[in-house]
Amino acid sequence: MNAQNRIAAARYAAAYDGLSQTLEQAEQNAQELATATHIINDVAEVLQSPGLPAAQKKLILNEALHELPKARAFISVLIDAKRLNLLGAIYEHVQTLLEDRQGISRAIITTARVLSNAQRASAQEALSIRYGKTIQADFEVDPALLGGLTAQCNGELLDGSLKTRLEKLRQAITK
Amino acid sequence: MAIRPEEITKIIKEKIEHFDTSLDVSEVGTVIQVGDGIARVHGLSNVKASELVDFGHGVKGMALNLEYDNVGCVLMGPDTLVHEGDTVKRTGEVISIPVGKGVIGRVVSPLGKPLDGKGEIAPEKNMPLDIVAPGIIDRQPVKQPLQTGIKAIDSMVPIGKGQRELIIGDRQTGKTAIAIDAIINQKNIPQEERCICIYVAVGQKQSTVAQVVKTLTDFGAMDYTVVVSATASDPASLLYIAPYAGCAIGEYFMWQGKDVLIVYDDLSKHAQAYREMSLLLRRPPGREAYPGDVFYLHSRLLERACKLSKENGGGSLTALPIIETQANDVSAYIPTNVISITDGQIYLESNLFLSGIKPAVNVGLSVSRVGGSAQRKTMRKVAGTLRIDLSQYQELAGFAQFGSELDKESQRQIARGKRMTELLKQNQYAPLKVGEEVLVLYAGTHGYLDEIEVTDVLRYEKELLAYMHAQKQDVLDGLNAAVELTPEVENTLKGALDEFKTVFKPA
């Protein structure tokens, strides 16, 4: 996706997120958008087709999403603006904004071997103390790390892996 | 002394014991697009302009465009090693180059890596490439001459230490030759006044750079010269930083109180490399598709040429930028920019070159705005009327072509002009010492050549110099050392020329 599209997606997402005043509303709206995205996924090709007039597309929407008023209105706006192709990106962005509201930060924790549940919990705990947020971590395994772990969170990479330490040691000795 | 193994072990042990095992924290981003030497990175939200970023695989980049949701970086290495989704780390540093005495006599890349296969270079210091030029208080006026050993230049467009003198002309007019001659001539100059020379090759063929290095080596000029090379096959980003790298190396020596001569060969290609980068970064194009800040690109580089004040050690950095014109058009964008930045220009013309006048300096259009005050007094006295004589001659020569009858005075001027033009011709790689230049030009401007044929002028010069070296070395030494053309010096000079007159056999 190019820069313009990313910027546009971010703006639509911010607008949709801005509709909700409270956290409960935001959660509900995000849920609604998730369901709507899932429902129209099958007919996405038809809805994006330039051959079909916008009025007819909206008829389809009314039919499919009559239980989801906010999402239906939002997707209608996207159809008018010819931005329906950005729906996936917008949804992802709405999720991030929701997580911001909830005080949740995503993290990717990579280790050399599979962690036990207790270890996972303590790693998440350590990160949430550092960033002052609830951490929702994805755990990955990369044997190349040899030992230790790396955590990517909030645009930062915390690297405590044995691989990096050995590499630094190599540089210190050969210098 | 042999190295005892336990010593090494001990050192390594110490290093390991004191090794910092703390967590490695870095700000990261993700590559979202890469190609044409440019990468767009998502994240890195706190990165600063021109900060160095690490793409891994040994590839570094420079963050140039800080945009709404991404950072545009130029890569300092092959873009094939960087992939979409790769992690990019901030380094918190600006790009810098290792400098030190060890770099003299070497050929290095703009990142300071040796290219001549002579082993690692021990750095003394890291110098940032792009710094702000010394201010007014740090400087003093240009007042010492920088001898190029080329008669036409030392007499009519004198260059002072700390000056910026542009060498401009079409391809194949001898621009590089002038710069190389100026470097080679430093060998003729006593150690304490000699400049450390830096030759920055931007966007040239590898073969051309190899040729230059060989020439400099053959003439023994590599002993005090550094070659910074970013050739045509290197990425545009390296071509872009090459002049700044050369300048940083030069500044290191300048701040130690030394004199430095730096040649940027050439800045047209530098501007083109910057244009390539800018267009790929989607910056708006301006005139000739160059970006709007192409003037600043060159002005911030050439402003760094300077003569430091006594308090700062009195070092100097003299810049000889080279610009290649197309079809003698000096009014194109880059030539006019650089002309306006520099303290004068040496204008080389292809028709002069083709008519056998080498160096092909156009005397009328070449100027030196500050060098005059730096010129040696002996040279100034001898060359004082030279420029006027030559321009009067060129004017009259136009008339004379119509075959009209000319008065005696005009005929004399034409005769003198023809001989002076002939006298200013000079072979490549044959720079003269200042005393020799003064001697030869004195003979020309004081009528010693008027009786001999134009075709004999160069033979006269050659034989005169040989005669002086053989018989009158003391007079030459006196001229080399003389700061002013006192009556005594002038009398010995006249005496020697009169004596030579009896020896020289006209054809």
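**A note on the contact between chains A and B**

1. Let us begin where the two chains meet: the contact draws 19 residues from chain B and 16 residues from chain A. On the chain B side, α1 (5–17), β1 (24–35) and β6 (87–94) each supply at least two of the residues that touch chain A. The biggest giver on that side is β1(B), with five residues. Sorted by class, the side of chain B that touches chain A holds seven nonpolar, six polar and six charged residues.

2. Please keep in mind that this is a predicted model. For the complex, the predictor reports an ipTM of 0.74 and a pTM of 0.88. Within chain B, the average pLDDT is 92, and 98% of the residues score at least 70.

3. How do strands from the two chains meet? Strand β4 (residues 156–159) of chain A pairs with β1(B) in the antiparallel sense, over four bridges. A handy place to look is Leu157(A), which stands opposite Ser26(B) in β1(B).

4. From there you can follow the pairing on into chain B. β1(B) also runs antiparallel to β6(B), and three bridges join these two strands. Here Gly29(B) stands opposite Val88(B), a residue of β6(B). So that you can place β6(B) in the contact as well, recall that β6 (87–94) of chain B supplies at least two residues to the side that touches chain A.

5. One more strand can be added to the picture. Strand β3 (residues 51–54) of chain B pairs with β6(B), again in the antiparallel sense and over three bridges. To find this pairing in the structure, look for Val53(B), whose bridge partner in β6(B) is Arg90(B). Step by step, then, the path goes from β4 of chain A to β1(B), from β1(B) to β6(B), and from β6(B) to β3 of chain B.

6. Now a wider look at chain B, which has 17 helices and 19 strands. Its C-alpha trace spans about 90 × 60 × 45 Å along its principal axes. Of the 507 residues in chain B, 45% are buried. Among the contacts in chain B with a separation of 6 or more, 72% are between residues 24 or more positions apart.

7. Lastly, chain A. What domains is chain A divided into? They are domain 1 (3–100) and domain 2 (106–174). The centres of domain 1 and domain 2 of chain A, taken over C-alpha atoms, are separated by 35 Å. The strand of chain A that pairs with β1(B) is β4, at residues 156–159.

Note on methods: Residues are numbered from 1 along each chain as its sequence is written. Chains are lettered from A and ligands numbered from 1 in the order in which they are written. This is a predicted model: local features need pLDDT of at least 70, side-chain atom pairs count only at pLDDT 80 or more; totals for chains, interfaces and linings use all residues. Two residues are in contact if their C-beta atoms, placed from the backbone, lie within 7 Å. Ala, Val, Leu, Ile, Met, Phe, Trp, Tyr, Cys and Pro count as nonpolar, Asp, Glu, Lys and Arg as charged, and the others, Gly among them, as polar. Two strands pair if DSSP finds at least two bridges between them. Domain bounds come from an automatic or database domain assignment. A residue is buried if 20 or more other C-beta atoms lie within 10 Å of its own, exposed if 12 or fewer, and partly exposed in between; C-beta atoms are placed from the backbone. pLDDT is the predictor's confidence in each residue, from 0 to 100.
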